[in-house]
Each structure stands twice: as C-alpha cells, then as structure tokens.
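Hi,

Here's the structure I promised to pass on. Have a look through it first, and then read my notes underneath.

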Amino acid sequence: MNIRSLATTCLISTALFSSIAVSAAEQKSADLYNESGETIGTVKLTDAPKGVILRIEANGLPAGWHGIHFHETGDCQHPEFKSAGGHVHHSSDELVHGLLNPEANDAGDLPNVYVNEDGSLTVELYSTYVGFDASEDRAALMDEDGAALIIHVNPDDYSSQPIGGAGARIACAIIKEASK
C-alpha cells in the first residue's frame, strides 16, 4: 500500500469513527409550550462529554432578547410554570445566579436568546454546568424529577438575584426520561 492509499484509508476511518461517536451520543427532545399550553416548538438536548448541547426551534414568541434557564423540576404547570421551581443547581451552596457574577453561577444559567420580529427562534447553545447525569462538575438534568427549560419575558442581566431581572416565565419544556 502506498502513502497516498494509506492516508486516504486513515481519513475515511477517522471520518467513519467520528460519525459513529456523534450518533452514539445520548439525545432527548421535548416540546416547548407557551402560557396557553400550546406547543410552539421543540427543544433537543445532546449529552456531551463535558456538558450539554441545546437546540431550540420555536415560533410564536415575543420579539427581542429573552433570558433562558434550566429549572430544577420537569413540570410545566400553570400559572407561569412555577411548578418548574428554581434554577438547576449542583448543591445548595450554589444558589448564586449570574454568568457575570464573580461569586459563582447556578447550573441553570444560560446566555440570552434573541427572537426574530416574526416570533421565530432558532438557536444552539452549550452548557458545561449540566449533564444528563450528575458528575463532580455538573448538575443532573435527568434526575428523579427531571428538569425544565424556561424562557423568560425579559433578558437576563447576568448578575441580579435571583434571576437576573428576566421576569415572568413565558415558555416551558419538560426534560425527563421517557415514560416506560
């Protein structure tokens, strides 16, 4: 086998292995609901070696910037999805909110998202604060009661307590293991 053939074989093997590794990642998807209980989009999560990749596709949201957080309970009951509880956190010592807060972050913190004038949102985010299962560095999304993804009416200022001024909860997705 010559060098060119060997190099081609290595490239094909690497590409094949990479596609198998990506497809083997655990994934979850959930419907995103508005305050009226209507499905307005989907949330897809992929468990990565050091975090979670989050993809949101939605319509019917108010235009502009919005805070978004992982909340501690996989429940989207009304009013205002309060049944989702507070932000996901790794321990009770980790209750300080804000990506810009020098004291720490709670594990539910995510960057703001922008909704287009037509009410559509398509975004992919990555968080190193959470995983499907708990680890030394990450809080679990797939614990006994699951988690929720909440979109807020206002943008997060990344420092004010307890939720960065993000205001009311306007959309919710339940992140849980599938029922058996």
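**What's packed inside**

The largest nonpolar core has 32 residues, and the ones touching the most other members are I56, F70 and L149. Quite a few strands chip in: at least two core residues each come from strand 1 (27–34), strand 2 (39–48), strand 3 (51–58), strand 5 (68–71), strand 6, strand 7 (121–127), strand 10 (147–152) and strand 11 (169–175). If you click on I56, look for its contacts with L32, T42, V43, I68, L121, T122, V123 and L149, a list that skips residues up to four places away in sequence. There's also a second, separate core of six residues, with C76, A84, A148 and I150 among them. As background, nonpolar side chains in soluble globular proteins tend to be buried together.

**A histidine in a loop**

Next, find H89 in the loop between strand 5 and strand 6. Is H89 buried, partly exposed or exposed? Its relative accessibility is 29%, so H89 counts as partly exposed, because that falls between the cut-offs of 20% and 50%. H89 and D106 are 17 residues apart along the chain, yet their C-alpha atoms are separated by 5.3 Å.

**How far to trust it**

Keep in mind that this is a predicted model. The chain has a mean pLDDT of 82, with 79% of its residues at 70 or more. Confidence is highest in strand 6 (residues 113–115), at a mean of 98, and lowest in helix 1 (residues 3–23), at 45. Over residues 6–22 the pLDDT is below 50, and that stretch has two contacts in the model beyond near neighbours in sequence. Where pLDDT is low, the predicted coordinates shouldn't be read in detail.

Cheers

Key. Residues numbered from 1 in each chain as written. Predicted model: local features only at pLDDT ≥ 70, side-chain atom pairs only at ≥ 80, totals over all residues. Heavy atoms only, no water. pLDDT = per-residue confidence, 0-100. Helix = DSSP H or I, 4+ residues; strand = E, 2+ residues; numbered from the N terminus. Contact = heavy atoms within 4.5 Å. Core = buried A, V, L, I, M, F, W, Y, C linked by side-chain atoms within 4.5 Å. Buried < 20%, exposed > 50% of the residue type's maximum accessible area, 1.4 Å probe, protein only.
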